[in-house]
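Please look through the structure below with its strands, its helices and its aromatic rings in mind. The paragraphs that follow begin with the rings and then turn to the strands.

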Amino acid sequence: MLMAKNSEMSNLITRTTELAMSVTLTYIKPGDTVVDATCGTGQDTVVLARAVGSEGSVYAFDIQKSAHLLTEARLKSHGIANVHLVKQSFVSMSDHIPEKSAAAVVFNLGYLPGGDHSITTTADSTLAGLDVALRTIKPGGVVTVVMYDGHDEGAEEKQAVLEWAEALDQKKYHVAYVSLLNQKNHPPEILWITKK
């Protein structure tokens with residue numbers, strides 16, 4: 001979800017992952033704690049680290065060693081040092097971050113771009129991670145989920161996430177869902193959940 005330069009942001013709706021991050025960034029201020037639940041290649045991690053500044057913290061999770069190596073290299077190339085890389089599943093988020101302390105938690109589901117496509121997020125682990133994320137964000141915070149249904153596991157996962165989100169208590173959460181309805185090649189879809 002690497003953000004485009006301002007001159008390139010005139011049509012964000014065509015770049016779903018950037019749209020997801022642009023909304024997420026409105027919930028973040030310097031000094032905040034945020035979570036990149038699936039650091040992957042580190043693109044989102046860099047954007048989040050810049051948003052919270054040197055006084056803030058980013059916790060970046062991934063189970064794959066290759067994702068950590070890619071993220072470490074990207075952070076180093078940008079001179080970023082306020083990131084805690086955690087080589088564990090996002091389900092372990094609460095072991096590292098106190099409840100009601102994060103301004104944002106970002107999930108970019110699926111598999112590592114350029115990596116082993118057999119290693120992917122799953123419906124069961126994602127739902128467990130989302131439950132932890134809701135406990136981790138502070139009131140007024142946001143959970144952002146970018147979903148991909150172009151592969152079998154992703155389609156099942158997206159359906160499970162949407163059913164989970166629809167059942168959330170409206171007195172505690174607001175949920176928004178974005179789908180590019182006329183695009184036929186399985187573009188990413190976005191879910192935002194904010195805690196009242």
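In this predicted model, the count of aromatic pairs comes to one. The ring centres of Phe90 and Phe107 lie 5.1 Å apart and their planes stand at 75°, and because planes over 60 degrees apart count as edge-to-face, this pair is edge-to-face. The two partners come from distant parts of the chain, 17 residues apart, with Phe90 in the loop between β3 (83–86) and β4 (102–108) and Phe107 in strand β4 itself. Both Phe90 and Phe107 are buried.

From the rings we can move to the strands, beginning with β1. Strand β1, which covers residues 33–36, runs parallel to strand β2, residues 57–61, and four bridges join the two; within this pairing, Thr33 stands opposite Ser57 of β2. Helix α2, made of residues 43–52, belongs with these two strands, for β1, α2 and β2 make a right-handed β-α-β unit. Strand β1 is also joined to β4 by three bridges, again in a parallel arrangement, and here Asp36 stands opposite Val106 in β4.

What joins β2 to β3, and in which direction do they run? Four bridges connect β2 with β3, and the two strands run parallel, with Val58 standing opposite Val83 in β3. Between them the chain crosses from β2 through helix α3, residues 65–77, to β3, and this β-α-β crossover is right-handed.

Notes:
Residues are numbered from 1 along each chain as its sequence is written. This is a predicted model: local features need pLDDT of at least 70, side-chain atom pairs count only at pLDDT 80 or more; totals for chains, interfaces and linings use all residues. Side-chain values use heavy atoms; hydrogens and water are left out. Rings of Phe, Tyr and Trp (its six-membered ring) pair if their centres lie within 6.5 Å; planes under 30 degrees apart count as stacked, over 60 as edge-to-face and the rest as tilted. Buried means under 20% relative accessible area, exposed over 50%, partly exposed in between (1.4 Å probe, protein chains only). Two strands pair if DSSP finds at least two bridges between them. A crossover is right-handed if, with the strands pointing away from the viewer, the path from the first strand over the helix to the second runs clockwise.
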